[in-house]
Amino acid sequence: MGSIMGKVMDDNMKKQQKFMIATGQLQLERQIQMQNQMRERMVAMQLASTRELFWWLSAFYAVAAPPMIIGARKTKRAAIVVPLVPLTFILAYFGDMAYGNKMERIRHEADIIMSDTPDLLLMPGGIPTFSNIESGRLAQRDAQRLDSKNDLFL
């Protein structure tokens, strides 16, 4: 009778372990998906911001360039158009980022860095461990407790 109960309990434990593994895997897959969607939204916001900045810079360039060029022709002083040189490079950079393939080139360069020089990507102090995280959490909790106890005397 004892061996039957033991076998049933072992079977139930194995089923419970399989269920926990499947649940953990599902939770991890959902977290990965959520993080990826959040990353995509952040990149989309950054790209939209770059496009907006590009249009503002383009408008400034369109307003500032013609008077500078006309002034340089009338006064025969080339120094008047000198500010257009860096502004042209800035405008070209943001135009490439906003509407060109700069994001693809950056992603390609990031892939090269990850494959050729992974040591550059190491975190200072290494990857956080559970014990480091837990000790930090406990220290923060203790600090909050001390702060709340001191509030009584104020």
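User: Hi! Which side chain of opposite charge is nearest to Lys-102, and how far away is Asp-96?
Analyst: Hello! The nearest one is Asp-96, 4.6 Å away, and Lys-102 is buried yet has no salt bridge. Buried means under 20% relative accessible area, exposed means over 50%, and partly exposed is in between (1.4 Å probe, protein chains only). A salt bridge needs a side-chain nitrogen of Lys or Arg within 4 Å of a carboxyl oxygen of Asp or Glu. For charges, Lys and Arg count as positive and Asp and Glu as negative, while His and the chain ends are not counted.

User: Before we go on, what kind of model is this?
Analyst: This is a predicted model, where local features need pLDDT of at least 70 and side-chain atom pairs count only at pLDDT 80 or more, while totals for chains, interfaces and linings use all residues. Residues are numbered from 1 along each chain as its sequence is written, and side-chain values use heavy atoms, with hydrogens and water left out.

User: Thanks. Back to Lys-102: where does it sit, and which residues is it in contact with?
Analyst: Lys-102 belongs to helix α3, residues 102-116. Apart from neighbours within four places in sequence, Lys-102 is in contact with Tyr-93, Asp-96 and Met-97. Contact here means heavy atoms within 4.5 Å.

User: And Asp-96, which side chain does it meet in a salt bridge?
Analyst: That would be Arg-105, at 2.3 Å from N to O. Arg-105 counts as partly exposed because its relative accessibility is 38%. Asp-96 is partly exposed too, at 21%.

User: How many salt bridges are there in the whole structure?
Analyst: The search finds two. Besides the Arg-105 and Asp-96 pair, Glu-134 and Arg-137 meet in a salt bridge at 2.4 Å, N to O. Both Glu-134 and Arg-137 lie in helix α4 (residues 130-150), three residues apart, about one turn of the helix.

User: Are those two buried or exposed, or in between?
Analyst: In between: Glu-134 is partly exposed at 24% relative accessibility, and Arg-137 is partly exposed at 39%.

User: New topic. What is the overall fold made of?
Analyst: The protein chain has four helices and zero strands, so called because helices (H or I, at least four residues) and strands (E, at least two) are DSSP runs, numbered from the N terminus. The order from the N terminus is α-α-α-α.

User: How does its radius of gyration sit against a compact globule?
Analyst: The chain has 30 Å, whereas a compact globule of 154 residues would be near 15 Å. That radius is taken over C-alpha atoms, and the globule rule is 2.2 Å times the number of residues to the power 0.38. Along its principal axes, the C-alpha trace spans about 110 × 50 × 30 Å.

User: What share of the residues counts as buried?
Analyst: Of the 154 residues, 10% do.

User: What about Gln-25 and Arg-51, how far apart are they?
Analyst: They are 26 residues apart in sequence and 39 Å apart in space, C-alpha to C-alpha. Gln-25 is in helix α1 and is partly exposed, with a relative accessible area of 46%.

User: Last one: what is phi of Lys-76, and where is that residue?
Analyst: Phi of Lys-76 is near 60°, a positive value in a residue other than glycine. Most residues other than glycine have a negative phi. Lys-76 is found in the loop between α1 (2-75) and α2 (84-99), and Lys-76 is exposed, with a relative accessible area of 73%.
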